Protein chains: 4
Amino acid sequence: MMQPKRSRFKSIENTGFSTSNNTEGGRLTNKDGSINLHKTGIPFWRRTSLYHLLLRMKRWKFFLSVFLFYTVMNILFASVYLIIGIENLKGIHDDKNLLNNFQQAFFFSSQTLTTVGYGHISPVSLGANIVASLESFIGILSFALVTGLLYGRFTRPKAYIMFSRNLLVAPHKGQRAIMVRLATYKDNHLTDVEAQVTLSMYTGVDDKKVRQFFGLPLEIKKINSLALSWTLVHLIDEESPLYGVSYEDMRDADLEFLYHIKGFDDHFSNTVQQRTSYVFSEIAYGAKFTPAFHRSGDSTTTILELDRLSEYKDVELPDVEKSAINP
Amino acid sequence: MMQPKRSRFKSIENTGFSTSNNTEGGRLTNKDGSINLHKTGIPFWRRTSLYHLLLRMKRWKFFLSVFLFYTVMNILFASVYLIIGIENLKGIHDDKNLLNNFQQAFFFSSQTLTTVGYGHISPVSLGANIVASLESFIGILSFALVTGLLYGRFTRPKAYIMFSRNLLVAPHKGQRAIMVRLATYKDNHLTDVEAQVTLSMYTGVDDKKVRQFFGLPLEIKKINSLALSWTLVHLIDEESPLYGVSYEDMRDADLEFLYHIKGFDDHFSNTVQQRTSYVFSEIAYGAKFTPAFHRSGDSTTTILELDRLSEYKDVELPDVEKSAINP
Amino acid sequence: MMQPKRSRFKSIENTGFSTSNNTEGGRLTNKDGSINLHKTGIPFWRRTSLYHLLLRMKRWKFFLSVFLFYTVMNILFASVYLIIGIENLKGIHDDKNLLNNFQQAFFFSSQTLTTVGYGHISPVSLGANIVASLESFIGILSFALVTGLLYGRFTRPKAYIMFSRNLLVAPHKGQRAIMVRLATYKDNHLTDVEAQVTLSMYTGVDDKKVRQFFGLPLEIKKINSLALSWTLVHLIDEESPLYGVSYEDMRDADLEFLYHIKGFDDHFSNTVQQRTSYVFSEIAYGAKFTPAFHRSGDSTTTILELDRLSEYKDVELPDVEKSAINP
Amino acid sequence: MMQPKRSRFKSIENTGFSTSNNTEGGRLTNKDGSINLHKTGIPFWRRTSLYHLLLRMKRWKFFLSVFLFYTVMNILFASVYLIIGIENLKGIHDDKNLLNNFQQAFFFSSQTLTTVGYGHISPVSLGANIVASLESFIGILSFALVTGLLYGRFTRPKAYIMFSRNLLVAPHKGQRAIMVRLATYKDNHLTDVEAQVTLSMYTGVDDKKVRQFFGLPLEIKKINSLALSWTLVHLIDEESPLYGVSYEDMRDADLEFLYHIKGFDDHFSNTVQQRTSYVFSEIAYGAKFTPAFHRSGDSTTTILELDRLSEYKDVELPDVEKSAINP
């Protein structure tokens, strides 16, 4: 493997990742933008924010969790009512059938927890009253929590950005360029959008291999408004750390491109951001994006086809810049 | 049509819009600031944020939607109670009249959904109890959602800016100037307010027509405090891309002025922004704003008349700068 | 009145206020930081944000408003139940006494609105059921609104800054200086705090009087952390628009000092800001602040005495800079 | 004690703390980042934000407070019902036993406050109805408050940063350096993280002792992403105010290092910050952090061991820079 002279490019050290070869494993950033990192050494409950777990889980999982909580609470309280004695719940006919009694206690519990309290069953002894009074209190607190969680879930600022599946090495201005295309896929609108691309690659050989980070300059790194799709273009010119790096070199260098998009969202009136990364296997070498938007038939609006955001066609690339390798 | 020499003005490329003539249709930005764009290619539910839809719909539509949801839920659950058997709801007199039974099931459902639970009707069988238990659970979750939506609706940061109906081409310092007037129309107060004006126009002829974007510099582009009205003034001097562009040229160039205002709002303690655009038909050529505020009768306060914000009087304009056309 | 040569000081034009003498009335900014401005020309409900009105009213007014709403709603619904016929509410004994019937309908209404629904009174006819079903729906929505308002009220970011009652003209470095002292009065803590002082004054005489605005530079205009009290000092040196302006000149010039403080608050994790203004009558001419904090008896903490924030003692001032007046 | 020549280092004056020796007591910033300050002179309720008190208290204290409030309200209302007369609550068997009656009134109260309202007990007289109507109203408002508080509690933006227990004076590039290590301990991820270190120390002797503040420059003061741990390094070179300051000098100078970290959090989509401070007794002089992260066994991820964040080993330090003391 020929090693391009990359020494003259200043690597950056403030990425927050380590440059040591043998301390980090796998890709740095997952496809969804989260960091590929596992924390240990403190208890699970201290390491985890239950609130954020509930905020970020899929919708059906969230509602299922709430429903399970509701069911488990009812089972618990129904058991307590049975232990106290079913005869303390006026209106329940005690037919000495445990399952039947449990059912009735269960439904009394659910009527208490939700505060619907029909009243055809009601607590009469001190014990049952204490438990019921506690249960309705817990019920209200729980649903207050759920109200907050639901609100937190749908107000969580998200960028709703869709990235192209592949990173393209495309011909551009007679040279090679790194291209990624993105668009917002909801009816949201970002303004003052900034993109930052960081390249992580291994340089040196064998034991001396070290991971280095390079900021990749973009032709346009900030746009006023992300209305249509946006193609991020890094031209591989003499200033680029990828100058003279061939397809094979890229494979050997264990490349990872980290993309970070940040903008101001109209919906949330908040700064939103999204990250993703591309590793070697996600590179389309010698390819060009095909247009993803066109004018509507009646010429009154513009159509953005999100299903064609990742579409590209194969094209010839200019030769890898030789001078860089054999100066 | 005479084509002014606009080549020496640097157009800007980071507007987020495309410069290609035949891909975009109609005006770029709607009057309310939204982008004139339609997204396709992914399912409707992925493209849409239901939360933001409910957040931005008109107030009466929102409350009607919630009421419809309430009604539909009650119809659904009433039907289920009827299917299970009306005799499982103690307190309902089953008079074999389907409509009457449905009515009673409907109101039992509403008492359960809202958790009012009077109790003169109550579920007695296993099936009815399960459904009622589920319904009160759904009721609480739904109203938790509505609580969140209501809160989200009235806390959504908005700039509450009113723009003048027309964009004026007014005489200013012996030359022509582009003027737009704005004010906040609620008792809100913006600080550190910035304005950005972008001009979109077609240059070149016929097939070679391309859309170009130009940032229009303002005499004052940032004010500390938007207390009164604010007139945004772009002087058409030699540095302006509109230098030498006559009324007729403007019509042919399919002009669109994009205005973007951003500030910090005291009410919301958040950054708010608002956009609008003016197309050719909204230009008042040869006009001047008349004052919209005056001192109160007792000299203790200032009166801002919002209904006169768009008021202007016709005035003579200086000649179009000839030198630019025939140098 | 001698008019100091102020022409060489650049006035600023981006304050958002007008410079015309006869359009604005009274002080520009009220003591509480709100703008002294009245808007007309659009209907009250469009001009007003009910939400923000409810957010900013005093606590007792807010709770009283909610209570009145609750009472009025109950009166309204009780009337409807009476109109439909009290006999449609099972459990109410109709003793042909209107007041008595109204009372019972009123309490049934309150049990429905709050969804407490004891059930000893319950709706039996179609009409009563429809109204009750609607009322419980409205009840839930209303309390959802109140939940949001309460949350909005106590999370509204506020700077909680206390300003000294007076603006001092104090001796400083052998010259005169403008001093104002401030501190946060709650257990909140601001970081990256910036202050901006703008002076509004009339220059010229009689008909030619115009209001001009000047930014007053501060010795320290940004502090990392507002822990103790902070004295904002503007030195009246040759660069100051107040150079050579005597006490009498100040009175004639209809001075107004606008203070704007902005910082990041730990409690709210948000930017907070507060404004105030000082007019001529609030100037203490020839005065110096006395210390407002000291070490605690046991030397383990620092005591900030907020009741002494405005305390000053009279001191002699250096002569007004003559050179500025008679050069 | 030898006094290093520190006069050539510019101290900073915008820290918000006073430089006077005898006005402040104890450490400036507590370990948890709060300011060591006590405010007096205005009433407790004006000085305190109850909302923020409830927001920041420990979880168990918060829930206990809510539960106590619930219990106290029930005791109050039960007493009122007893005073009005237990016979006004239909369904309660008045057996002339005060304790028994109180219990039943208590549980009726809890059923009203939580709006569960079974209805086997119900108010029948005007007085009881008024109180019950008021209680259910208060109940709804209270739980609206609790909903808001709970939401406020779990959405309060926090940085979740763990700092090393000690500040290390470590060898670095042949000189001494000040090192502190930090990491986020939850599954949160900060971007654009900035660190600011301020050194507070006494200079001069005896009566002339004054506190001075110095900003300590860091080798890397801003990182794009706080993924792993981050070691903040201040090199004690000729530019450092600690140049030539020996261990003994540090002790005499009553050092305090103030750390302030600020970043953008993905979870909260908000700026978060955290402060801490190190005093002399928390310095490990001659020490070096041992690595706290390593590659996972299967090389697919990185493990960050939070329990080893503070771990260091003793190492030899280079001599204190003599030239600074005896130039």
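This is a short tutorial dialogue on how the chains of a predicted model fit together.

User: What should I know before I start?

Analyst: Residues are numbered from 1 along each chain as its sequence is written, while chains are lettered from A and ligands numbered from 1 in the order in which they are written. The model is predicted, so local features need pLDDT of at least 70, side-chain atom pairs count only at pLDDT 80 or more, and totals for chains, interfaces and linings use all residues.

User: How is chain D related to chain A?

Analyst: Two copies of a chain are related by a rotation about an axis and a shift along it. Here, chain D can be laid on chain A with an RMSD of 0.0 Å by a turn of 90° and a shift of 0.0 Å along the axis (a least-squares fit on the C-alpha atoms of residues with pLDDT of at least 70 in both). The two copies are therefore related as by a four-fold rotation axis.

User: How many residues make the contact between chains A and B?

Analyst: Residues are in contact if their C-beta atoms, placed from the backbone, lie within 7 Å. Chain A brings 50 residues and chain B brings 49 residues. Helix 5 of chain A gives the most to its side, with 7 residues (helices are DSSP runs of H or I, at least four residues; strands are E, at least two; both are numbered from the N terminus).

User: Which strands pair across chains A and B?

Analyst: Strands pair if DSSP finds at least two bridges between them. Strand 16 of chain A pairs with strand 1 (residues 37-40) of chain B in the parallel sense, over 4 bridges. In that strand of chain B, B:Leu37 is the bridge partner of A:Thr302.

User: Why do the copies meet through different surfaces?

Analyst: Only 10% of the interface residues of chain D are also interface residues in chain A, so different surfaces meet.

Notes
Contact = placed C-beta atoms within 7 Å.
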